[in-house]
Amino acid sequence: AHDHVGALETPRSTPQEGQAAVDRHPQRAVAGGLQVHDVAFGQVPRRVDVLALAPDDASAKAAKGLVAPAKWPTLAFSDEAVWGECQGSGSKPYQTQVDLSGPVFRCSCPSRKFPCKHGLALMLMRAQNEASFSKGAPPPWVAEWLASRREKAEKKEARAAEPPAAPDPAAAAKRDAQRWKRIEAGVQELA
């Protein structure tokens with residue numbers, strides 16, 4: 001299982017094409033998912049906004065191929081998120097979820113693209129066929145992810161609100177003394 005967290009990977013292409021893809025799709029990695037800038041969708045996104053999130057044309061095309069309720073045994077939403085299970089090539093369906101506050105995507109598929117075709121397909125289905133989704137409480141795998149994201153955001157806000165720690169003069173003096181010892185040892189070694 002692979003979460004869509006960490007460094008962004010541009011499509012396999014020339015450096016100029018890769019940069020153009022990044023310019024077209026401003027994204028940034030955040031803890032617990034991928035946040036996509038400049039595309040704010042409420043509960044039901046527009047199809048064009050979802051396709052704008054695709055990291056490349058191949059991902060958009062692959063996502064369009066997954067827009068069929070038969071491939072998704074589970075499709076649901078809450079005020080905070082949209083989630084579904086997409087039957088892939090393995091025995092277990094991929095668990096795909098989108099935190100609507102970002103949007104931030106997460107999927108259990110092994111793809112290294114952000115968002116993956118499953119996340120895009122889930123949001124395309126939401127845009128095209130809202131009636132396919134049932135409203136309800138998130139299952140544990142979605143609720144835990146959302147809770148983890150909230151907790152991390154609260155910790156980040158608390159750290160930002162804390163005043164910076166005052167420097168310890170004794171520790172600074174100790175570091176300064178150690179630094180001068182290393183400098184003197186280096187000078188002796190060169191002599």
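Ser59 is found in helix α3 of a predicted model, where helices (H or I, at least four residues) and strands (E, at least two) are DSSP runs numbered from the N terminus. With a relative accessible area of 5%, Ser59 is buried; the term denotes a value under 20%, whereas exposed denotes one over 50% and partly exposed one in between (1.4 Å probe, protein chains only). Leaving aside neighbours within four places in sequence, Ser59 is in contact with Lys113, Lys117 and Leu120, contact being defined as heavy atoms within 4.5 Å. The C-alpha atoms of Ser59 and Leu120 are separated by 8.2 Å, although the two residues lie 61 residues apart along the chain.

Residues are numbered from 1 along each chain as its sequence is written, and side-chain values use heavy atoms, with hydrogens and water left out. As the model is predicted, local features need pLDDT of at least 70 and side-chain atom pairs count only at pLDDT 80 or more, while totals for chains, interfaces and linings use all residues. The chain averages a pLDDT of 80, and 77% of the residues score at least 70; pLDDT is the predictor's confidence in each residue, on a scale from 0 to 100. Over residues 1-41 the pLDDT is below 50, and this stretch has 96 contacts in the model beyond near neighbours in sequence.

The chain contains six helices and seven strands. From the N terminus on, its elements follow the order α-β-β-α-α-β-β-β-β-α-β-α-α. Of the 191 residues, 35% count as buried. Among contacts in the chain with a separation of 6 or more, 65% are accounted for by residues 24 or more positions apart.

Two packed helices are described by the angle between their axes and the distance between the axes. The axes of helix α3 (residues 57-65) and helix α4 (residues 117-128) come within 8 Å and cross at roughly 55°. These axes are lines fitted to C-alpha atoms, for helices over the stretch in contact, and the angles run from 0 to 180 degrees between N-to-C directions. Helices α3 and α4 are therefore oblique to each other, given that angles under 35 degrees count as roughly parallel, over 145 as roughly antiparallel, 65 to 115 as roughly perpendicular and the rest as oblique. The crossing in which α3 passes α4 is right-handed, that is, the near helix is turned clockwise from the far one by less than a right angle, an anticlockwise turn being left-handed. Helix α3 contributes Ser59, Ala60, Ala62, Ala63 and Lys64 to the contact, and helix α4 contributes Lys117, Leu120, Ala121 and Leu124. These residues divide into six nonpolar, one polar and two charged, where Ala, Val, Leu, Ile, Met, Phe, Trp, Tyr, Cys and Pro count as nonpolar, Asp, Glu, Lys and Arg as charged, and the others, Gly among them, as polar.

Leu120 of this contact also has a C-alpha to C-alpha distance of 9.7 Å to Ala52, with their positions 68 residues apart in sequence counted as the separation. Ala52 lies in helix α2 (residues 47-52) and, at 35% relative accessibility, counts as partly exposed.

The loop between β6 and α4 holds Lys113, Cys109 and Pro115. Lys113 is partly exposed, at 31% relative accessibility, and its C-alpha atom is 6.8 Å from that of Pro55, a residue 58 positions apart from Lys113 in sequence. Cys109, by contrast, counts as buried at 1% relative accessibility. Cys109 and Gly90 are 19 residues apart in sequence and 9.9 Å apart in space, C-alpha to C-alpha.

Most residues other than glycine have a negative phi, and most peptide bonds are trans. A cis peptide bond nevertheless joins Phe114 and Pro115, with omega about -10°. The peptide bond from Gly102 to Pro103 is likewise cis, with omega near 0°; Pro103 lies in the loop between β5 (94-99) and β6 (104-107).

Strand β5 also includes Gln97, which counts as buried at 4% relative accessibility. Not counting residues up to four places away in sequence, Gln97 touches Val82, Trp83, Val104, Phe105, Arg106, Leu122, Trp141, Val142 and Trp145.
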